[in-house]
Amino acid sequence: MASAQVTGSTVDRVRTDSPAGRSGRARDWAEIQERMLVPLYQDVYRRLEVGAATSLLGVGCRSGLALLLAAGRGAQVAGVEPDGGLRELAAARGLQVSPGGRAEGVARSAHPVPRPAHSLVTVFEQPPVPALVARAAERTLPGGQLVVASWGPAERCESAAVLEVARRHAPSGAPDPFAAAGPGALESLLAGAGTRPSGSGRVGCPFAYAGLDSAVRGLLSTGLFDRAEEAAGAALVAKELEEALHPFLRPDGSVRMANEFRWAVGTRPRG
């Protein structure tokens, strides 16, 4: 196994108390992390036969890779994303992404996307909390479909050991990435939002990085460590994150963690 040591370079890069730092975090998502969820996007689009007849809205779509993949299948796509840096990156890709508030407000944008409702609405990159799922359901056409996704059970996700750094330092009440990982949890969220659960799937999403530095930057760009950084400081979180990644180092210095993600789809009743 390759050896590594905690250096100042990664810690220096993860500071986010300036506009440049926040912009860097958004770019790290687009350049390092977002591709890790491609198997999830592709599985959903294949199973739901996304194509030219699909009008898709990505809620909390970040820099928009999922939208690009849907557009490549012929779908009409739009997104809602509250983070300005991520929204700029999506716009640079030619995507129409509007701002919105965080959490439950993200699907109710002050700057509406061109159509008020869509045949398919996805919540891929945001924790599927009940209020957010309910808002996303409001943007789903009658007869249309709403997809929510989550990490799978912690025992099937090697990244759970790394996410423990966030849990250890975050204040009580911080979002749990595995809150919707249990049997029937996603379906319950869909039913609670007024849709009829109509399908589900699970897919392997390995997190693979060129090295420790890119692994730390990519994971921090997910937002899952934000509360921990606020409570304990970015330098300490980055140091402990790098240490937690050591068991997943490969002889060539790369990092790889096997993970399972789950998704479920609900259909909004007509009338």
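Trainee: Which residue is the bridge partner of V121 in β5?

Mentor: In this predicted model, the partner that V121 meets in β5 is L146. On the β1 side, the residue standing opposite V121 is L57.

Trainee: What makes β4 and β5 count as paired strands?

Mentor: Two strands pair if at least two bridges are found between them, and β4 (residues 118-123) shares 5 bridges with β5 (residues 140-151), in the parallel sense, so the pair meets that cut-off.

Trainee: How do you know that β1 is paired with β4 as well?

Mentor: The reasoning is the same kind of check: β1, which covers residues 55-59, is joined to β4 by 3 bridges, and since at least two are asked for, the two strands pair; they run parallel.

Trainee: Why is the crossover from β4 to β5 called right-handed?

Mentor: The chain leaves β4, passes through helix α6 (residues 130-138) and reaches β5; with the strands pointing away from the viewer, a path over the helix that runs clockwise is called right-handed, and this β-α-β crossover is right-handed.

Trainee: What makes β4 a mostly covered strand?

Mentor: A residue is buried when its relative accessible area is under 20%, and 5 of the 6 residues of β4 are buried, so the strand is described as mostly covered.

Trainee: What share of the whole protein counts as buried?

Mentor: Of its 271 residues, 51% count as buried, and the secondary structure of the protein comes to 11 helices and 9 strands.

Conventions:
Residues numbered from 1 in each chain as written. Predicted model: local features only at pLDDT ≥ 70, side-chain atom pairs only at ≥ 80, totals over all residues. Heavy atoms only, no water. Buried < 20%, exposed > 50% of the residue type's maximum accessible area, 1.4 Å probe, protein only. Helix = DSSP H or I, 4+ residues; strand = E, 2+ residues; numbered from the N terminus.
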